[in-house]
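Here are a few exercises to work through with the model open on your screen. Try each task before you read its solution.

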Amino acid sequence: MANGHCAAQATVLSGSTPADAVLQQVRFLENITAVCSQLLMLLYCSLVCREQFFEKEIATIRERELKLQFRNAVIKTVNLAMVFGTPPMTACVIFASYEVMVGRLSATLAFTTLSLFNILRFPLVVLPKAMRALSEALASIQRVEAFLLEDVPTDAEGVTKSTAAGVKIRKAQFKHYGKDNFTLNVPEFSAAP
């Protein structure tokens, strides 16, 4: 009975019934839900818009990557064809021109020439690797050169750091355990850079 009496007094004082308070709370929750759903919709739209942007960017980058991969594959294929196709083609051209200009080709001359071409094929196999190593070395030299040519900071702090001692040792004890237990006490030591 006391609880009902307190509720009735609260209703009289506030001018509203408990049902009105519940309705106000429901409206408040509806407003919060509407704001949250709008916020979520904005967030979703923002993500979808960004997703499309990033999807386009990634597609563009991937397209360039595929073109570069195709170009590299073509270059490697041509390179391999030249490495393994050049010696037999050269042998055929030389043997044909020998037949036309000199006369009949003997077996000893043909086999000797073929063995020389096999020996000469090794530099052709190594040449692409050497070219790649050379291009990587040139690119590395350019990067190191660009790094070394960058400006050195010359602010006041940099100047004081460069004039400060490079190494400072205070109250140090260096020990060597061996036949002679040697201990070196250094009260203070500094060396300029």
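**Exercise 1. Find the residues that line the largest pocket, then sort them by element and by character.**

Step 1: The lining consists of Asn72, Ile75, Lys76, Asn79, Leu80, Val83, Phe84, Leu124, Val125, Pro128, Lys129 and Arg132. A pocket here is an open set of points on a 1 Å grid over the protein atoms alone, with protein on both sides within 12 Å along at least five of seven lines, and lining residues have an atom within 4 Å of a point.

Step 2: Two elements, α2 (18–101) and α3 (107–148), each give two or more residues to this lining. The largest share, seven residues, is from α2.

Step 3: By character, you get seven nonpolar, two polar and three charged residues. Ala, Val, Leu, Ile, Met, Phe, Trp, Tyr, Cys and Pro count as nonpolar, Asp, Glu, Lys and Arg as charged, and the others, Gly among them, as polar.

Step 4: The volume of the pocket is about 350 Å³, taken as the space filled by probe spheres set on the points.

Before you go on: this is a predicted model, where local features need pLDDT of at least 70, side-chain atom pairs count only at pLDDT 80 or more, and totals for chains, interfaces and linings use all residues. Residues are numbered from 1 along each chain as its sequence is written, and side-chain values use heavy atoms, with hydrogens and water left out.

**Exercise 2. Walk the chain from the N terminus and write down its elements.**

Step 1: Count four helices and two strands; these are DSSP runs, H or I of at least four residues for helices and E of at least two for strands.

Step 2: Put them in order and you have α-α-α-α-β-β.

**Exercise 3. Work out how β1 and β2 are joined.**

Step 1: Strand β1 (residues 167–176) and strand β2 (residues 182–191) run antiparallel, with nine bridges between them. Strands pair if DSSP finds at least two bridges.

Step 2: Five residues sit between the two strands of this hairpin.

Step 3: Check two bridges: alanine 172 partners valine 186, and glutamine 173 partners asparagine 185.

**Exercise 4. Is lysine 171 buried or exposed?**

Step 1: Locate lysine 171 in strand β1. Its phi is positive, about 50°, though it's not a glycine.

Step 2: Lysine 171 has a relative accessible area of 78%, so it is exposed (over 50%, by a 1.4 Å probe, protein chains only).

Definitions and conventions: 1 Å grid on protein atoms, 1.4 Å probe; cavity = no way out; pocket = protein on both sides within 12 Å on 5 of 7 lines; lining within 4 Å. Buried < 20%, exposed > 50% of the residue type's maximum accessible area, 1.4 Å probe, protein only.
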